[in-house]
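Student: Please pick one helix of this model and go through it closely. I would also like to see how the chains and any enclosed space fit around it.

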Protein chains: 2
Amino acid sequence: MDKLRKHIEEITPVSDQEFEYIKTFFSEKKVRKHQYLLQDGDMVTCEYWIAKGIFRAFYLDKEGKEYIVQFALENWWLSDYNAFFGQVPSNMNIVCMEEAEVYCLTLLSREKLASEMHKMEHFFRMKLTKGYSAQQRRICSLLSGSPKQRYEEFAKMYPGIVSKVPKKYIAEYLGVSRETLSRLYSGGNLQT
Amino acid sequence: MDKLRKHIEEITPVSDQEFEYIKTFFSEKKVRKHQYLLQDGDMVTCEYWIAKGIFRAFYLDKEGKEYIVQFALENWWLSDYNAFFGQVPSNMNIVCMEEAEVYCLTLLSREKLASEMHKMEHFFRMKLTKGYSAQQRRICSLLSGSPKQRYEEFAKMYPGIVSKVPKKYIAEYLGVSRETLSRLYSGGNLQT
(Lines give C-alpha, C1' and ligand atoms only; values in the text may rest on other atoms or scores of the structure.)
Protein backbone atom coordinates (compact mmCIF):
# COMPACT_ATOMS: atom_id res chain seq x y z
CA MET A 1 0.00 0.00 0.00
CA ASP A 2 3.07 2.25 0.10
CA LYS A 3 2.51 3.23 -3.52
CA LEU A 4 -1.00 4.39 -2.73
CA ARG A 5 0.24 6.56 0.11
CA LYS A 6 2.83 8.09 -2.19
CA HIS A 7 0.12 8.75 -4.76
CA ILE A 8 -2.14 10.47 -2.20
CA GLU A 9 0.77 12.49 -0.86
CA GLU A 10 1.41 13.96 -4.30
CA ILE A 11 -1.69 16.00 -3.48
CA THR A 12 -1.92 16.10 0.31
CA PRO A 13 0.27 14.88 3.18
CA VAL A 14 -1.25 12.23 5.47
CA SER A 15 0.02 11.05 8.85
CA ASP A 16 0.82 7.37 9.56
CA GLN A 17 -2.34 7.13 11.62
CA GLU A 18 -4.45 8.71 8.89
CA PHE A 19 -3.04 6.39 6.24
CA GLU A 20 -3.70 3.36 8.46
CA TYR A 21 -7.33 4.44 8.48
CA ILE A 22 -7.48 5.33 4.75
CA LYS A 23 -6.18 1.95 3.67
CA THR A 24 -8.96 0.11 5.49
CA PHE A 25 -11.31 1.46 2.78
CA PHE A 26 -9.46 -0.24 -0.07
CA SER A 27 -9.29 -3.89 -1.08
CA GLU A 28 -6.51 -5.31 -3.25
CA LYS A 29 -7.06 -7.38 -6.37
CA LYS A 30 -4.74 -9.08 -8.84
CA VAL A 31 -5.86 -9.09 -12.47
CA ARG A 32 -4.47 -11.24 -15.27
CA LYS A 33 -3.86 -10.23 -18.86
CA HIS A 34 -7.10 -10.38 -20.92
CA GLN A 35 -9.20 -10.55 -17.72
CA TYR A 36 -12.28 -8.32 -17.53
CA LEU A 37 -12.38 -5.96 -14.57
CA LEU A 38 -15.80 -4.79 -15.70
CA GLN A 39 -18.20 -6.08 -18.32
CA ASP A 40 -21.03 -4.17 -19.97
CA GLY A 41 -24.31 -4.88 -18.20
CA ASP A 42 -22.61 -5.32 -14.79
CA MET A 43 -23.37 -3.05 -11.86
CA VAL A 44 -20.27 -0.97 -11.17
CA THR A 45 -19.38 -1.61 -7.56
CA CYS A 46 -15.95 0.03 -7.51
CA GLU A 47 -13.56 2.49 -8.94
CA TYR A 48 -10.02 1.19 -9.27
CA TRP A 49 -6.66 2.67 -8.57
CA ILE A 50 -3.98 0.94 -10.63
CA ALA A 51 -0.89 0.02 -8.63
CA LYS A 52 0.56 -1.91 -11.57
CA GLY A 53 -0.51 -2.85 -15.12
CA ILE A 54 -2.37 -1.42 -18.11
CA PHE A 55 -6.08 -1.44 -18.88
CA ARG A 56 -8.31 -0.28 -21.68
CA ALA A 57 -11.89 0.82 -21.27
CA PHE A 58 -14.09 0.42 -24.32
CA TYR A 59 -17.53 -0.22 -25.41
CA LEU A 60 -19.01 -2.30 -28.16
CA ASP A 61 -21.70 -1.22 -30.61
CA LYS A 62 -24.42 -3.58 -31.81
CA GLU A 63 -22.15 -4.87 -34.57
CA GLY A 64 -19.44 -5.71 -32.03
CA LYS A 65 -17.12 -2.87 -33.06
CA GLU A 66 -14.91 -1.71 -30.20
CA TYR A 67 -14.56 1.98 -29.26
CA ILE A 68 -11.84 2.85 -26.77
CA VAL A 69 -12.87 5.44 -24.21
CA GLN A 70 -9.57 5.45 -22.35
CA PHE A 71 -6.39 3.64 -21.46
CA ALA A 72 -5.16 3.55 -17.89
CA LEU A 73 -1.68 2.91 -16.55
CA GLU A 74 -0.06 2.72 -13.12
CA ASN A 75 -1.23 5.49 -10.77
CA TRP A 76 -4.43 6.15 -12.73
CA TRP A 77 -8.00 5.83 -11.48
CA LEU A 78 -10.46 3.97 -13.62
CA SER A 79 -14.13 3.06 -13.76
CA ASP A 80 -17.27 3.61 -15.79
CA TYR A 81 -17.95 6.79 -13.84
CA ASN A 82 -21.33 7.44 -15.31
CA ALA A 83 -22.48 4.03 -14.07
CA PHE A 84 -20.41 4.14 -10.86
CA PHE A 85 -21.71 7.51 -9.67
CA GLY A 86 -25.22 6.93 -11.03
CA GLN A 87 -25.39 3.35 -9.69
CA VAL A 88 -26.73 2.00 -12.98
CA PRO A 89 -25.42 -0.94 -15.06
CA SER A 90 -22.26 -0.27 -17.05
CA ASN A 91 -22.21 0.07 -20.81
CA MET A 92 -18.43 -0.15 -20.83
CA ASN A 93 -15.90 -2.97 -20.63
CA ILE A 94 -12.57 -2.72 -18.84
CA VAL A 95 -9.94 -5.27 -19.82
CA CYS A 96 -6.46 -5.92 -18.48
CA MET A 97 -3.71 -5.58 -21.11
CA GLU A 98 -0.74 -6.35 -18.84
CA GLU A 99 -0.65 -8.29 -15.54
CA ALA A 100 -2.01 -5.87 -12.94
CA GLU A 101 -2.69 -5.06 -9.32
CA VAL A 102 -5.53 -2.71 -8.48
CA TYR A 103 -6.99 -1.25 -5.31
CA CYS A 104 -10.78 -1.20 -5.26
CA LEU A 105 -12.87 1.50 -3.63
CA THR A 106 -16.66 1.28 -3.41
CA LEU A 107 -18.83 4.37 -3.83
CA LEU A 108 -19.92 4.13 -0.21
CA SER A 109 -16.29 3.98 0.96
CA ARG A 110 -15.30 6.86 -1.28
CA GLU A 111 -18.09 9.07 0.03
CA LYS A 112 -17.43 8.09 3.66
CA LEU A 113 -13.72 8.80 3.34
CA ALA A 114 -14.39 12.18 1.69
CA SER A 115 -16.97 13.11 4.28
CA GLU A 116 -14.85 12.14 7.30
CA MET A 117 -11.55 13.57 6.07
CA HIS A 118 -11.45 16.98 4.44
CA LYS A 119 -8.04 16.19 2.97
CA MET A 120 -9.42 13.13 1.17
CA GLU A 121 -12.34 15.21 -0.16
CA HIS A 122 -9.64 17.55 -1.44
CA PHE A 123 -7.67 14.66 -2.91
CA PHE A 124 -10.67 13.33 -4.84
CA ARG A 125 -11.58 16.82 -6.05
CA MET A 126 -8.09 17.41 -7.38
CA LYS A 127 -8.08 14.06 -9.20
CA LEU A 128 -11.44 14.89 -10.76
CA THR A 129 -10.17 18.34 -11.72
CA LYS A 130 -7.32 16.81 -13.70
CA GLY A 131 -9.58 14.21 -15.24
CA TYR A 132 -12.16 16.81 -16.23
CA SER A 133 -9.54 18.98 -17.93
CA ALA A 134 -8.10 16.01 -19.81
CA GLN A 135 -11.56 15.00 -21.02
CA GLN A 136 -12.31 18.53 -22.23
CA ARG A 137 -9.12 18.34 -24.32
CA ARG A 138 -10.12 14.93 -25.66
CA ILE A 139 -13.53 16.25 -26.74
CA CYS A 140 -11.84 19.14 -28.60
CA SER A 141 -9.50 16.70 -30.27
CA LEU A 142 -12.30 14.31 -31.30
CA LEU A 143 -14.42 17.14 -32.67
CA SER A 144 -11.87 18.77 -34.86
CA GLY A 145 -8.36 17.39 -34.83
CA SER A 146 -6.92 15.86 -37.98
CA PRO A 147 -5.53 12.33 -37.49
CA LYS A 148 -2.03 13.86 -37.39
CA GLN A 149 -2.98 16.44 -34.76
CA ARG A 150 -4.76 13.82 -32.66
CA TYR A 151 -1.80 11.49 -32.74
CA GLU A 152 0.73 14.21 -31.96
CA GLU A 153 -1.29 15.51 -29.02
CA PHE A 154 -1.81 11.99 -27.70
CA ALA A 155 1.87 11.07 -28.02
CA LYS A 156 2.85 14.26 -26.20
CA MET A 157 0.37 13.77 -23.36
CA TYR A 158 0.77 10.03 -22.89
CA PRO A 159 4.23 8.89 -24.03
CA GLY A 160 3.94 5.90 -21.65
CA ILE A 161 0.94 4.58 -23.56
CA VAL A 162 2.46 5.02 -27.02
CA SER A 163 5.43 2.88 -26.04
CA LYS A 164 3.42 0.14 -24.31
CA VAL A 165 0.11 -0.30 -26.12
CA PRO A 166 -0.30 -2.08 -29.49
CA LYS A 167 -0.89 0.35 -32.36
CA LYS A 168 -4.27 -1.12 -33.26
CA TYR A 169 -5.69 0.03 -29.92
CA ILE A 170 -4.17 3.49 -30.27
CA ALA A 171 -5.81 3.77 -33.69
CA GLU A 172 -9.16 2.84 -32.12
CA TYR A 173 -8.69 5.35 -29.33
CA LEU A 174 -7.91 8.12 -31.79
CA GLY A 175 -10.75 7.15 -34.09
CA VAL A 176 -8.42 6.75 -37.09
CA SER A 177 -7.73 3.74 -39.31
CA ARG A 178 -4.73 1.50 -38.63
CA GLU A 179 -3.29 2.38 -42.03
CA THR A 180 -3.45 6.09 -41.22
CA LEU A 181 -1.78 5.53 -37.86
CA SER A 182 0.99 3.47 -39.46
CA ARG A 183 1.68 6.32 -41.88
CA LEU A 184 1.93 8.71 -38.92
CA TYR A 185 4.33 6.40 -37.06
CA SER A 186 6.50 5.93 -40.10
CA GLY A 187 6.65 9.71 -40.46
CA GLY A 188 9.45 9.46 -37.89
CA ASN A 189 9.14 12.99 -36.60
CA LEU A 190 5.92 12.02 -34.86
CA GLN A 191 7.46 9.40 -32.65
CA THR A 192 9.14 11.78 -30.26
CA MET B 1 -27.42 35.86 -4.88
CA ASP B 2 -30.42 33.87 -3.61
CA LYS B 3 -30.28 31.67 -6.71
CA LEU B 4 -26.66 30.78 -5.99
CA ARG B 5 -27.52 29.78 -2.43
CA LYS B 6 -30.34 27.59 -3.71
CA HIS B 7 -27.91 26.01 -6.20
CA ILE B 8 -25.33 25.27 -3.48
CA GLU B 9 -28.02 23.90 -1.17
CA GLU B 10 -29.02 21.32 -3.77
CA ILE B 11 -25.81 19.65 -2.65
CA THR B 12 -25.13 20.88 0.87
CA PRO B 13 -27.00 23.09 3.37
CA VAL B 14 -25.27 26.34 4.38
CA SER B 15 -26.17 28.67 7.25
CA ASP B 16 -26.95 32.37 6.70
CA GLN B 17 -23.59 33.27 8.16
CA GLU B 18 -21.77 30.77 5.92
CA PHE B 19 -23.52 32.04 2.82
CA GLU B 20 -22.69 35.65 3.72
CA TYR B 21 -19.06 34.55 3.69
CA ILE B 22 -19.32 32.42 0.53
CA LYS B 23 -20.81 35.22 -1.52
CA THR B 24 -17.87 37.53 -0.82
CA PHE B 25 -15.84 35.26 -3.12
CA PHE B 26 -18.06 35.90 -6.15
CA SER B 27 -18.42 38.97 -8.36
CA GLU B 28 -21.48 39.58 -10.54
CA LYS B 29 -21.35 40.40 -14.23
CA LYS B 30 -24.00 41.15 -16.86
CA VAL B 31 -23.32 39.86 -20.36
CA ARG B 32 -25.09 40.91 -23.56
CA LYS B 33 -26.10 38.70 -26.47
CA HIS B 34 -23.12 38.07 -28.82
CA GLN B 35 -20.67 39.32 -26.16
CA TYR B 36 -17.54 37.21 -25.55
CA LEU B 37 -17.04 36.06 -22.00
CA LEU B 38 -13.74 34.50 -23.03
CA GLN B 39 -11.70 34.70 -26.22
CA ASP B 40 -9.03 32.29 -27.40
CA GLY B 41 -5.59 33.51 -26.39
CA ASP B 42 -6.89 35.16 -23.18
CA MET B 43 -5.74 34.05 -19.76
CA VAL B 44 -8.68 32.41 -18.01
CA THR B 45 -9.15 34.32 -14.79
CA CYS B 46 -12.51 32.87 -13.74
CA GLU B 47 -14.98 30.14 -13.92
CA TYR B 48 -18.57 31.29 -14.26
CA TRP B 49 -21.80 30.22 -12.67
CA ILE B 50 -24.73 31.17 -14.88
CA ALA B 51 -27.59 32.80 -12.98
CA LYS B 52 -29.42 33.62 -16.22
CA GLY B 53 -28.81 33.22 -19.95
CA ILE B 54 -27.29 30.79 -22.46
CA PHE B 55 -23.69 30.44 -23.62
CA ARG B 56 -21.80 28.32 -26.09
CA ALA B 57 -18.16 27.36 -25.73
CA PHE B 58 -16.36 26.60 -28.97
CA TYR B 59 -13.07 26.72 -30.61
CA LEU B 60 -11.99 27.68 -34.09
CA ASP B 61 -9.60 25.75 -36.29
CA LYS B 62 -7.08 27.45 -38.57
CA GLU B 63 -9.70 27.74 -41.30
CA GLY B 64 -12.10 29.49 -38.93
CA LYS B 65 -14.45 26.52 -38.61
CA GLU B 66 -16.29 26.50 -35.28
CA TYR B 67 -16.44 23.38 -33.06
CA ILE B 68 -18.83 23.52 -30.12
CA VAL B 69 -17.45 21.99 -26.96
CA GLN B 70 -20.49 22.69 -24.83
CA PHE B 71 -23.59 24.77 -24.27
CA ALA B 72 -24.37 26.15 -20.84
CA LEU B 73 -27.69 27.29 -19.40
CA GLU B 74 -28.89 28.71 -16.08
CA ASN B 75 -27.37 26.92 -13.08
CA TRP B 76 -24.40 25.56 -15.05
CA TRP B 77 -20.75 26.20 -14.43
CA LEU B 78 -18.59 27.13 -17.37
CA SER B 79 -14.98 27.86 -18.24
CA ASP B 80 -12.11 26.56 -20.32
CA TYR B 81 -11.11 24.26 -17.47
CA ASN B 82 -7.93 23.06 -19.01
CA ALA B 83 -6.71 26.66 -19.20
CA PHE B 84 -8.37 27.74 -15.93
CA PHE B 85 -6.87 24.99 -13.80
CA GLY B 86 -3.57 24.97 -15.66
CA GLN B 87 -3.31 28.78 -15.73
CA VAL B 88 -2.43 28.85 -19.41
CA PRO B 89 -4.04 30.91 -22.22
CA SER B 90 -7.39 29.63 -23.44
CA ASN B 91 -7.89 27.99 -26.81
CA MET B 92 -11.65 28.27 -26.44
CA ASN B 93 -14.18 31.04 -26.97
CA ILE B 94 -17.29 31.50 -24.82
CA VAL B 95 -20.07 33.59 -26.32
CA CYS B 96 -23.37 34.76 -24.88
CA MET B 97 -26.42 33.57 -26.87
CA GLU B 98 -29.10 35.16 -24.69
CA GLU B 99 -28.84 38.15 -22.28
CA ALA B 100 -27.11 36.78 -19.19
CA GLU B 101 -25.99 37.27 -15.61
CA VAL B 102 -23.02 35.31 -14.34
CA TYR B 103 -21.15 35.04 -11.08
CA CYS B 104 -17.38 34.94 -11.47
CA LEU B 105 -15.06 32.94 -9.24
CA THR B 106 -11.28 33.13 -9.58
CA LEU B 107 -9.11 30.04 -9.14
CA LEU B 108 -7.59 31.53 -5.99
CA SER B 109 -11.05 32.15 -4.53
CA ARG B 110 -12.23 28.70 -5.47
CA GLU B 111 -9.26 27.02 -3.81
CA LYS B 112 -9.50 29.25 -0.70
CA LEU B 113 -13.20 28.54 -0.31
CA ALA B 114 -12.67 24.78 -0.73
CA SER B 115 -9.78 24.77 1.69
CA GLU B 116 -11.54 26.78 4.41
CA MET B 117 -14.93 25.08 4.16
CA HIS B 118 -15.15 21.31 3.87
CA LYS B 119 -18.72 21.61 2.65
CA MET B 120 -17.64 23.81 -0.29
CA GLU B 121 -14.86 21.34 -1.13
CA HIS B 122 -17.63 18.74 -1.16
CA PHE B 123 -19.84 20.98 -3.32
CA PHE B 124 -17.12 21.48 -5.95
CA ARG B 125 -16.28 17.77 -5.93
CA MET B 126 -19.90 16.83 -6.54
CA LYS B 127 -20.21 19.31 -9.42
CA LEU B 128 -17.02 17.90 -10.97
CA THR B 129 -18.33 14.37 -10.49
CA LYS B 130 -21.43 15.16 -12.54
CA GLY B 131 -19.43 17.01 -15.15
CA TYR B 132 -16.93 14.17 -15.47
CA SER B 133 -19.69 11.59 -15.96
CA ALA B 134 -21.40 13.74 -18.59
CA GLN B 135 -18.13 14.16 -20.47
CA GLN B 136 -17.47 10.40 -20.43
CA ARG B 137 -20.90 9.93 -22.05
CA ARG B 138 -20.14 12.63 -24.63
CA ILE B 139 -16.86 10.94 -25.56
CA CYS B 140 -18.71 7.62 -26.07
CA SER B 141 -21.27 9.36 -28.20
CA LEU B 142 -18.68 11.18 -30.34
CA LEU B 143 -16.69 8.00 -30.85
CA SER B 144 -19.45 5.75 -31.98
CA GLY B 145 -22.96 7.11 -32.04
CA SER B 146 -24.80 7.48 -35.33
CA PRO B 147 -26.20 11.00 -35.95
CA LYS B 148 -29.62 9.69 -34.91
CA GLN B 149 -28.31 8.18 -31.67
CA ARG B 150 -26.34 11.32 -30.86
CA TYR B 151 -29.32 13.54 -31.39
CA GLU B 152 -31.70 11.34 -29.40
CA GLU B 153 -29.30 11.13 -26.46
CA PHE B 154 -28.69 14.87 -26.54
CA ALA B 155 -32.41 15.70 -26.71
CA LYS B 156 -33.10 13.39 -23.78
CA MET B 157 -30.30 14.79 -21.62
CA TYR B 158 -30.70 18.46 -22.47
CA PRO B 159 -34.31 19.20 -23.48
CA GLY B 160 -33.79 22.84 -22.38
CA ILE B 161 -31.08 23.31 -24.99
CA VAL B 162 -33.00 21.71 -27.85
CA SER B 163 -35.90 24.12 -27.34
CA LYS B 164 -33.74 27.25 -26.96
CA VAL B 165 -30.68 26.96 -29.20
CA PRO B 166 -30.71 27.41 -33.01
CA LYS B 167 -30.42 24.12 -34.88
CA LYS B 168 -27.21 25.09 -36.65
CA TYR B 169 -25.38 25.17 -33.31
CA ILE B 170 -26.86 21.86 -32.22
CA ALA B 171 -25.64 20.33 -35.50
CA GLU B 172 -22.14 21.69 -34.78
CA TYR B 173 -22.22 20.34 -31.23
CA LEU B 174 -23.23 16.89 -32.44
CA GLY B 175 -20.72 16.93 -35.26
CA VAL B 176 -23.42 16.29 -37.92
CA SER B 177 -24.43 18.35 -40.95
CA ARG B 178 -27.37 20.75 -40.73
CA GLU B 179 -29.19 18.74 -43.41
CA THR B 180 -28.85 15.56 -41.37
CA LEU B 181 -30.12 17.31 -38.25
CA SER B 182 -33.10 18.72 -40.14
CA ARG B 183 -34.01 15.23 -41.29
CA LEU B 184 -33.84 14.04 -37.66
CA TYR B 185 -36.06 16.89 -36.47
CA SER B 186 -38.60 16.31 -39.20
CA GLY B 187 -38.70 12.66 -38.18
CA GLY B 188 -41.20 13.87 -35.56
CA ASN B 189 -40.65 11.03 -33.13
CA LEU B 190 -37.31 12.51 -32.24
CA GLN B 191 -38.64 15.78 -30.98
CA THR B 192 -39.99 14.49 -27.69
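What follows is one connected answer.

Tutor: This is a predicted model, in which local features need pLDDT of at least 70 and side-chain atom pairs pLDDT 80 or more, while totals for chains, interfaces and linings use all residues. Residues are numbered from 1 along each chain as written, chains are lettered from A and ligands numbered from 1 in written order, and side-chain values use heavy atoms, without hydrogens or water.

The part chosen is helix α4 of chain B, residues 107–116 (helices are DSSP runs of H or I, at least four residues, numbered from the N terminus). Its buried residues (under 20% relative accessible area, 1.4 Å probe, protein chains only) are B:Leu107, B:Ser109, B:Arg110, B:Leu113 and B:Ala114. Seen down the axis of α4(B), these residues fall within an arc of 165 degrees, so they line one face of the helix (the arc is taken from the directions from the helix axis to the C-beta atoms). On the other side of α4(B), B:Leu108 and B:Ser115 are exposed (over 50%).

The cover over the buried residues of α4(B) draws on both chains: from chain B it includes α2 (16–23), β3 (46–60), α3 (81–86), β6 (93–106) and α5 (118–144), and from chain A it includes α5. Strands, for their part, are DSSP runs of E, at least two residues.

The relation between the chains comes next. Chain A is superposed on chain B by a rotation of 180 degrees with 0.0 Å of shift along its axis, at an RMSD of 0.0 Å (least squares on C-alpha atoms of residues with pLDDT of at least 70 in both). The two copies are thus related as by a two-fold rotation axis. In chain A, A:Arg125 has the C-alpha nearest the axis, at 2.4 Å. The same surface serves both copies, as 100% of the contact residues of chain A recur in chain B (contact means heavy atoms within 4.5 Å).

Helix α5(A), part of the cover over α4(B), also gives the most to the lining of the largest cavity, with five residues. A cavity is a set of points on a 1 Å grid over the protein atoms alone where a 1.4 Å probe fits but cannot get out, lined by residues with an atom within 4 Å of a point. The volume of the largest cavity is about 130 Å³, counted as the space filled by probe spheres on grid points joined across faces, edges and corners. Among its lining residues are A:Ala134, A:Arg137, A:Phe154 and A:Tyr173.

Technical notes:
1 Å grid on protein atoms, 1.4 Å probe; cavity = no way out; pocket = protein on both sides within 12 Å on 5 of 7 lines; lining within 4 Å.
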